[in-house]
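This report is a guided reading of one protein model for a student who is new to such structures. Please keep the picture at hand while reading.

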Amino acid sequence: MVQPVTEPTALATTTAEPGDTLVIMTSEATTAAAAGTWTLGDLTVNRIGFGAMRLTANADGGASDRDRAIAVLRRAVELGVNHIDTAAFYFSARRSANELINRALAPYPDDLVIVTKVGPGRDPSGQWLPMARPEQLRGQVEENLRQLGRDHLDVVNLRVYGPEPLAEHFGALAELRDAGLIRHLGVSAVRPEQLAEARTIAPVVCVQNSYGLGYRPQHDEFLRSCGQLGIAFVPFFSIATTGREAGAGGGEADEVLAVARDHGVSAAQVRLAWTLQRGPNVLAIPGTGNPDHLAANVAAAALRLTAEDLARLEPVHQRGKS
Ligand SMILES: NC(=O)c1ccc[n+]([C@@H]2O[C@H](COP(=O)([O-])OP(=O)(O)OC[C@H]3O[C@@H](n4cnc5c(N)ncnc54)[C@H](OP(=O)(O)O)[C@@H]3O)[C@@H](O)[C@H]2O)c1
């Protein structure tokens, strides 16, 4: 695949100057396994996964192309992705992420780990509802089971709305785990003290919090402490960062562009590689509905930033504190 160096979409093995044309190593050569693995309880996943939130709508809010979304999911699995993040509340007027996953991938490969989240909810018209009460979580779990066509869920994250105690909600999920509806539990958008509280109730295999290069650097220590506890840290918005739900597309820091240029890769790939290099317990779940971006994100599994690169990027990260 030949690409202009200014718009790389996959990982190159050579360095080049802007304006050069180079042959980029395609995703055919790189699979998600190149990032290494981590275990969520007894489930082993490649550290480059996939986030399904972007599958249901285009950037302008219009319904996504159904066949394209299904093709992205199937390609992700072909490229070695075996960790997909989703939620029943990822839907647009015409598309549901869970339904697309079911359509694209069932019967599911044995090694595929589907992680979903409960707590938030939306009514059928898409309006956000208040945080579910503990007794409503069973219904949300069952909704995910129905949509995904499964009899149990691999991992369910309790997605909280604030710093309040989560014991009642997490206790309700622990009961569903004991009943066999859920294999493993995680928590999302939490503070360290909420993780500690959850762990007094049941084992926690992952923390899913927003984090990236220059985005929420206050989570650095939390990420490390999760690793010491054997808990995966699964950042969301690691490409979009401050763009959050609106997505990537704002200006990019000069340092990121410079490192990207040196490696002949894109800024998004540098951001993913940086995230993965924060610790062996970090699992990336980049979200995209674009097949070229999917290939590029998987190819980033093989990108290794040097100590010099990391030092060059550190000021970008520190600027996120201000
Ligand atoms: N627990 C929570 O509260 C929570 C909240 C939000 C998200 N999540 C999960 O985390 C996942 C990741 O978050 P996210 O999807 O918002 O953010 P992200 O992965 O940081 O970034 C997605 C944005 O980056 C673009 N993008 C992706 N790959 C790219 C590439 N190679 N080059 C250029 N642009 C690229 C996407 O646009 P294109 O579609 O055009 O590629 C989209 O605008 C979600 O899919 C979802 O599963 C969890």
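The sections below take up the confidence of the model, its sheet, its helices, two single residues and the surroundings of the ligand.

## Confidence in the model

The structure shown here is a predicted model, and the mean pLDDT of the protein is 91, with 91% of its residues reaching 70 or more. Among the elements of the protein, the highest mean pLDDT, 99, belongs to strand β9, while the lowest, 28, belongs to strand β1, which covers residues 2-4.

Some care is needed at the start of the chain, where pLDDT stays under 50 over residues 1-27. The model has 61 contacts beyond four places in sequence for this stretch.

## The sheet

Seven strands form an open sheet with parallel pairing, and their order across the sheet is β5-β6-β7-β8-β9-β10-β11. Strands β5 (50-51) and β11 (232-233) stand at the edges, and because each has a single partner strand, one side of each is left without a neighbour in the sheet. Helix α3, made of residues 137-148, packs on the sheet and touches β7 (113-118), β8 and β9, and its direction makes about 145 degrees with that of β7.

Strands of a sheet pair through backbone hydrogen bonds, and this pairing can be either parallel or antiparallel. Strand β8 (residues 153-159) runs parallel to strand β9 (residues 182-188), and six bridges join the two; within this pair, Arg159 has Ser188 in β9 as its bridge partner. Strand β8 also runs parallel to β7, to which it is joined by four bridges, and here Val115 stands opposite Val155 in β8. Strand β8 is mostly covered, since seven of its seven residues are buried.

## Two helices that pack together

Helices α2 and α3 pack at an angle of about 35 degrees, and their axes are 8 Å apart. On the side of α2 the residues that meet α3 are Asn98, Glu99, Ile101 and Asn102, and on the side of α3 they are Asn144, Gln147 and Leu148. Sorted by class, this contact of α2 with α3 has two nonpolar residues, four polar ones and one charged one.

## Two residues in their settings

Is Ala268, which lies in helix α8 (residues 267-276), buried or exposed? Ala268 has 23 other C-beta atoms within 10 Å, and because a residue with 20 or more such neighbours is counted as buried, Ala268 is buried. Not counting residues up to four places away in sequence, Ala268 touches Ile239, Ala248 and Ala296. The C-alpha atoms of Ala268 and Gly230 are separated by 27 Å, and these two residues are 38 residues apart along the chain.

Arg95 is found in the loop between β6 (83-85) and α2 (97-105), and it counts as partly exposed because it has 18 C-beta neighbours inside 10 Å. When its neighbours within four places in sequence are left aside, Arg95 is in contact with several residues, among them Leu55, Thr56, Arg66 and Leu100. Arg95 and Ala232 are 137 residues apart in sequence, and from C-alpha to C-alpha they are 29 Å apart in space.

## Around the ligand

Which of the 28 residues around the ligand come nearest? They are Gly51, Met53, Phe236, Gly247 and Gly287. Helix α9 (residues 291-299) gives the most to this shell, with three residues. By class, the residues of the shell around the ligand divide into 12 nonpolar, 12 polar and four charged.

Terms used: Residues are numbered from 1 along each chain as its sequence is written. This is a predicted model: local features need pLDDT of at least 70, side-chain atom pairs count only at pLDDT 80 or more; totals for chains, interfaces and linings use all residues. A residue is near a molecule or strand if its C-beta atom, placed from the backbone, lies within 6 Å of it. Ala, Val, Leu, Ile, Met, Phe, Trp, Tyr, Cys and Pro count as nonpolar, Asp, Glu, Lys and Arg as charged, and the others, Gly among them, as polar. Two strands pair if DSSP finds at least two bridges between them. Two residues are in contact if their C-beta atoms, placed from the backbone, lie within 7 Å. Axes are lines fitted to C-alpha atoms, for helices over the stretch in contact, and angles run from 0 to 180 degrees between N-to-C directions. A residue is buried if 20 or more other C-beta atoms lie within 10 Å of its own, exposed if 12 or fewer, and partly exposed in between; C-beta atoms are placed from the backbone. pLDDT is the predictor's confidence in each residue, from 0 to 100.
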